[in-house]
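Reader: I should be grateful for a close look at a single helix of this structure. Please describe how its residues are placed and what surrounds them, and then carry the account to neighbouring parts of the chain.

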Amino acid sequence: MPVPLGYYLGLAAIIFTVGVIGVLVRRNAIIILMSIELMLNGANLTLVAFSVHLQELSGQVFVFLVMTVAAAEAAVGLAIIVMIFRNRESVNVDNLNIMKW
Amino acid sequence: MPSDYAYVGLFLIFGVAFVLITFFFARLLRPSRPNPIKNRSYECGETAVGSAWVQYNVSYYIYALIFVIFDVELVFLFPWAAAYRSLGLFAFVEMFIFIMILVFGLAYAWRKGALKWV
Amino acid sequence: MNLTLIIPEIFLFLWALLILFVDFFTAEEKKHRLGPLSLVGIVITVVLVVFSGQGQAFGEMFSADYYSLSFAIIFLGSAFLAICTSIDFARERIKHQGEYYALILLSTVGMMFLAASRELLSMYVSLELTTISLFVLSAYLKTDLKSSEAGLKYMILGAASSAILLYGISLLYGITGTTVLKGIQAELVGSAFPGPLLVISLVFIIAGFSFKLAAVPFHMWAPDVYEGAPTPITAYLSVASKGAGLAAMVRVFFGSLLPVTSEWIPLFMALATMTMVLGNIVAIRQSNIKRMLAYSSIAQVGYILVALSAASELATTSMILYLLVYMFANIGAFAVVIAFYNHSGTDEICEYAGLSRRSPFLAISLVIFFLSLVGIPPLAGFVGKYLLFLAAIQKGYYWLVGVAVLTSVISLFYYMNVVRQMYFRKPTKNDPVKVSWSLRLALVLSLIGVIAVGVYPDPFVSLISKAASVFVY
């Protein structure tokens, strides 16, 4: 008995939503970055689930590239966060208020 | 043909059991004679100095960042290697160019001094 | 497969690597020469783009046609102007100049691939190449608190919006079973009526792209990032990143989603209205000129969205032409801001008092660029707006055009506020503002563009209408 497609999509939607809520609610820049990774993984799971369901490979290739892009994004993001931390000893996004948010 | 759920269940059981069984046998085999010096964080005779919450040198982050970038490129090598025979020369040249781009990145990091151990 | 088609992109990429390479062997005080070196690379790439053939490579992933050609020229043009405005700024204020120019070129490569891709996967990857380079560039002044703050905000919201876009794409892939735009269109024509999943995926895709375009209500990153980023990057960001978003958006919506127009046109009309109204009204009370230009560029996106909701061949023509016109006027205006900042170190509008006496050339250029942004004939902005509104009127969206015209009149108010400062206020200082050769080049090119397209638009319109005919409406 295979796991129905809807379960995968539901799980992916939950992961994506958790990520969105994390981005909106959390105040620590590193946790926000982790939440963005969750959003990407929600999308990845949807792509893989559809790819297996439709017997069509391009979705899985898509996931490979998304993983690489996400790593590049995380590297740049962490570098920027390190820079912010050296400038002001804090990674709390509430303190980023020199300009109106 | 077992159901997909059975696979998930097997993975779950195996994952949990592996940890528990290892701990169980380790407990059976090892002698247990604790004393305060042995219970310290570093068991090899070093006295721990200060708290662990100190600032690391920033170049450790750079190693981590470089690792993150190069680590995931491997994901492209596996499918290429698996289908190597059927892909032919064109894919070989493409992968060669891909690796060369990565080598350029590594050379760049090296030249900028990001790989220097501090 | 025809690999000669991607020679321009590969050339520009190699040129970026060349700049990094030359950077190693250049003494610090000579590094400002890397700027002119990158300009040479861009000029050669323009020649290659014009003379390289048309066709497809890598299946549907890359297609060189008039559409990608006209966008590539706009992107290369804005990179050229942005680098011109960067040279003095970078020499005075920026460390690591080699990487700075290389990143601008790399993000341009991403945009060129983006305009040429007809497939969601290559589109996503090239969009990320563009935006990740821009994240770094906007945070480039490492010790400046505003710049690092701008970089973090842009990175968080940019990455989150890419993730939202990706989720929309993944749902669209699930509905149609392909990532090729043509295949998606064929699949949607066959289906009887769109299900709720399609609507959800469209909402996610539109939200993701709206972040890139800075359309209201997804605009909140733009003013902060524009204010904090190094000013030449702000100029580049305001044109090129919007252009990239627009190139991808038009390709996706006109290239694959035309069978379901009834699902997305109302959304675009709502976005256009909100963007025009909010952008123009909030711009009035800004005291920092970069922030004011940020809100003005948000408002300009609103006008483009008016045409996007018209979904016709004329709409595509008018959008690409408007992007061209907007590039000249907006980068020109930023060039004036940069020249003034290099001299005085401030971006406050009140400091512009009496600029007409300190530098008549800068003052009159800024007036011309502002008039073009408002859309006063015979400047280019008029032609652009005329075609945008014509496309909407042909579809009978009279009220939308009414809002657009009304908000254009409001925009006159905040642009003229700066003009009033420059011409009718006494200067606080009397030293003349010097303008270097590179900034002068950028200003003169932008002025020529603004006036030429305004006075004699026919050749531009006829070339761009060829680009618009790649879609079947």
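Author: The model is predicted. Within helix α15 of chain C, the residues L362(C), A363(C), S365(C), L366(C), I368(C), F369(C), F370(C), L371(C), S372(C), L373(C) and V374(C) are buried. That amounts to 11 of the 15 residues of α15(C), so the helix is largely enclosed by the rest of the structure. The helix runs over residues 360–374. From its first C-alpha to its last it reaches 21 Å, close to the 21 Å expected at 1.5 Å a residue. After the helix comes G375(C), with a positive phi near 100 degrees.

What encloses this helix? The buried residues of α15(C) pack against α12 (289–308), α13 (313–344), α14 (355–358), α16 (380–394), α17 (398–424) and α18 (437–455), which belong to chain C.

One of these partners, α13(C), leads on to another helix pair. The axes of α3(C), residues 66–93, and α13(C) come within 10 Å and cross at roughly 0 degrees. The two helices are therefore roughly parallel, since an angle under 35 degrees counts as such. On the α3(C) side, the residues that meet α13(C) include S70(C), I74(C), G77(C), L81(C), T85(C) and F89(C). Those of α13(C) include I320(C), L324(C), M327(C), F334(C) and N342(C). By class, this contact has 12 nonpolar, 5 polar and 2 charged residues.

Helix α7(C) offers a further case for study. In this helix, residues 181–190, the buried residues are L181(C), I184(C) and Q185(C). They cover an arc of only 100 degrees around the axis, so they lie on the same side of α7(C). A general rule helps the student here: an α-helix has 3.6 residues a turn, so residues three or four places apart point the same way. The buried residues of α7(C) pack against α6 (145–176) and α10 (231–256) of chain C.

Helix α6(C) in turn leads to the neighbouring chain. The contact between chains C and A takes 33 residues from chain C and 35 residues from chain A. On the side of chain C that touches chain A, the elements that give two or more residues are α5 (120–138), α6 and α9 (221–228) of chain C. The largest share of that side, 18 residues, comes from α6(C). By class, the same side of chain C has 17 nonpolar, 9 polar and 7 charged residues.

Definitions and conventions
Residues are numbered from 1 along each chain as its sequence is written. Chains are lettered from A and ligands numbered from 1 in the order in which they are written. This is a predicted model: local features need pLDDT of at least 70, side-chain atom pairs count only at pLDDT 80 or more; totals for chains, interfaces and linings use all residues. Helices (H or I, at least four residues) and strands (E, at least two) are DSSP runs, numbered from the N terminus. The expected span of a helix is 1.5 Å times one less than its number of residues. A residue is buried if 20 or more other C-beta atoms lie within 10 Å of its own, exposed if 12 or fewer, and partly exposed in between; C-beta atoms are placed from the backbone. Two residues are in contact if their C-beta atoms, placed from the backbone, lie within 7 Å. The arc is that of the directions from the helix axis to the C-beta atoms. Ala, Val, Leu, Ile, Met, Phe, Trp, Tyr, Cys and Pro count as nonpolar, Asp, Glu, Lys and Arg as charged, and the others, Gly among them, as polar. Axes are lines fitted to C-alpha atoms, for helices over the stretch in contact, and angles run from 0 to 180 degrees between N-to-C directions. Angles under 35 degrees count as roughly parallel, over 145 as roughly antiparallel, 65 to 115 as roughly perpendicular and the rest as oblique.
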